[in-house]
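Colleague: Pull this model up for me, please. I've got a handful of quick questions.

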Amino acid sequence: MSCNWGTELWDQFDNLEKHTSWGIDFLERYTKFVKERADIELSYAKQIRSLSKKYHPKRSREDESRFTWCLAFAATLRQLNEVAVQREELADSLNTQIVCELTRYTHELKTERKTHFQDGRRAQQHIESSWKQLESSKRRFERDCKEAERAQHVSDRIDLDSKTDGEKKQQAAEESRKDYVTSLNQFNQDQHQHYHTLVPVIYQRIQDMEERRIERICEAMRSSAEAERKVLPVVSRCLDAMMDAAESTQPRMDTRQVVEVYKSGFDPPGDVEFEDYSATMRRSISESSYLDNRTEGRRHSRKLWPFIRKNKPPPPPPTSPSPGGVASSPQSPPPVSREPITQRLNDLMTSGSRTRKQCLRSLKRGVHHGSSPADCSHLPPEQRRKKLQTRINNINQEIQREREQRDALLKMREVYEHSPQMGDAGSLEPRLEEVKQSLQRLEDELRRNQTLNIIKPTCLSLSTCLSLSPDGSYTEDHSAELHFKSRSSEFDDDFDDEEPLPSIGTCKSLYPFQGQNEGTLSMVEGELLSVVEEDKGDGWTRVRRNLEEEGYVPTSYIKVFLDSSAKGAMTYI
């Protein structure tokens, strides 16, 4: 159905003016709406980014990279930051593609509307002027006709002179009539042109302007929806990534990680022996003399090796052993100095109640002086082993990089030697020497850390429990151990009559080995020995020659033959 404002609304000029003004006001209001929405999106993106930054870890923590729930939350924060980026892009699209364009178009629309209605007012003024002219000629014609008629009546009753005056009036009336007819024709022509030519053209332009305004508003709505639709796939992928991060959490693995992080490697302490204070005999022997007598008695007593407190031997060299070649292990660094636990116990027994509280706090937290030792002896065995193993893995990676660099330099030197025009082979010697020294240093450090990585789990004594600090580190205090050994002599003597561990197989020595460290067992090439305990991954196997000779030998020096019944059975520490 066709619709033309010029023909349908020819008499609604004022209403059209009001309607188009309201349309422009609506356009400005919609532009303001889009701008405020863009500001809201921008503010939302800013707040989301600030929230993500607030809860994102300030620095990389090892704990947060170890547990799956920490990793899932970090991934959620990263995706949330990406959502903020998409919201910023949406706000930018709304501002640049819609708000700015609508603001410019509104200004153009106001100018165009002003022009059209000025043309309409001029046409209206012209037709009104033509109507006023017609009314003026009509009144003049009416007046002249009345005067001519009155002059005619007078001339019929009076003389000839009056007749001449009546004729003049008739002639003036005739001229007024002609002028009225001319004005009427002109007005009819102007009116026809006004309502059939000028008004339809002007109103059609106003109609076209209104339709373009509505189309522009619809286009802005479509652009707004399209801008948001463009960011929705990315936002949807971010939400999917958040879902995947939530699904990737593994509670059981996290609880195992807690064990890996905090496991000390000690066995729980045994029962505390009853001390009979009702005995009449009082021991007045000093600590030093008592320990000397106990050491002398232990020297002559027959006691199996597993129950003698010894240090485990250092691990074998990382390279394949050669017959007769045994690497000597460096001395471990001295332990961190600590206040003797015996001194603290004596202070506890001889002090008042307030001082006793301070002594108990000192026993609980321990006293550390200086920095952590290089051998990580302040850590429990399990944590010490993991720390050293991590250090060994890092050193192996550095060694691999240095070797690759050395191989590349050797190939380059070979090329220079065959083609001297490409470069001087001698210029590579300083760099090669530097790489060799770095390799030697890293290999020495690797051997040193492999030597340190030898601790096996032991039973946690009372002195070690008291020496544990709140962070899980400890330093073994031998004077405190000797002090408590005087209280646990009966407990130690219970092991004198224990049976040796059962044999789980046999082994044959491939190379001779001289056990220079405490806890090792010397052997000759081709000797057959009994296997008591398999290699735990540290490069040592526990073997026995007879009931009294037992110790550790390098696993790479022997060939093990396990009994079929012993495979998969438990080994003892």
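Colleague: In the hairpin of β2 and β3, which residue takes a positive phi?

Modeller: That's G537, with phi near 100°. The hairpin has six residues between its two strands. Bear in mind that this is a predicted model: local features need pLDDT of at least 70, side-chain atom pairs count only at pLDDT 80 or more, and totals for chains, interfaces and linings use all residues. Residues are numbered from 1 along each chain as its sequence is written, and side-chain values use heavy atoms, with hydrogens and water left out.

Colleague: What do you call a strand, and when do two of them pair?

Modeller: Strands are DSSP runs of E with at least two residues, helices are runs of H or I with at least four, and both are numbered from the N terminus. Two strands pair if DSSP finds at least two bridges between them.

Colleague: OK, how many bridges join β2 to β3?

Modeller: Three, and the two strands run antiparallel, with β2 covering residues 528-533. S530 has R544 as its bridge partner in β3, and V531 stands opposite V543 in that strand.

Colleague: And what does V543 stand opposite in β4?

Modeller: G551. So V543 has V531 across from it in β2 and G551 in β4.

Colleague: How many bridges do β3 and β4 pair over?

Modeller: Five, in the antiparallel sense, with β3 spanning residues 540-544. One of the facing couples is W540 and P554 of β4. β3 and β4 also form a hairpin, with five residues between them.

Colleague: Which way do the side chains point from β3?

Modeller: W540, R542 and R544 go one way, T541 and V543 the other. In general, side chains of a regular strand alternate between the two faces of the sheet.

Colleague: How many residues of β3 are buried?

Modeller: Five of its five, so the strand is mostly covered; buried means under 20% relative accessible area, exposed over 50%, and partly exposed in between, with a 1.4 Å probe and protein chains only. Both arginines, R542 and R544, are in the buried set.

Colleague: Zoom out for me: in what order do the strands form the sheet?

Modeller: The order is β4-β3-β2-β1-β5, an open sheet of five strands with antiparallel pairing. Its edges are β4 (550-554) and β5 (558-562), each of which pairs on one side only. Neighbouring strands are turned by 40° against each other on average, direction ignored. As for β1 (residues 505-509), four bridges pair it with β2, and K508 stands opposite L528 there.

Colleague: Switching to helices: at what angle do the axes of α9 and α10 cross?

Modeller: Roughly 160°, and the axes come within 9 Å. Axes here are lines fitted to C-alpha atoms, for helices over the stretch in contact, and angles between N-to-C directions run from 0 to 180 degrees. α9 is residues 381-418 and α10 is residues 429-452. That crossing makes the two helices roughly antiparallel, a label for angles over 145 degrees.

Colleague: What residues make up the contact of α9 with α10?

Modeller: There are 12 nonpolar, five polar and 11 charged. Ala, Val, Leu, Ile, Met, Phe, Trp, Tyr, Cys and Pro count as nonpolar, Asp, Glu, Lys and Arg as charged, and the others, Gly among them, as polar.

Colleague: What about S183, where does it lie?

Modeller: In helix α4, residues 160-247. S183 counts as buried because its relative accessibility is 7%. Leaving aside neighbours within four places in sequence, S183 is in contact (heavy atoms within 4.5 Å) with Q133, L134 and S137.

Colleague: And N188, how far apart in space are N188 and S130?

Modeller: 9.0 Å, C-alpha to C-alpha, with their positions 58 residues apart in sequence. N188 is found in α4 and counts as partly exposed, at 37% relative accessibility.

Colleague: Last one: what is Q204 in contact with?

Modeller: N4 and V199, leaving aside neighbours within four places in sequence. Q204 lies in α4 too and is partly exposed, with a relative accessible area of 27%. Its C-alpha is separated by 6.0 Å from that of G6, 198 residues apart along the chain.

Technical notes: Angles under 35 degrees count as roughly parallel, over 145 as roughly antiparallel, 65 to 115 as roughly perpendicular and the rest as oblique.
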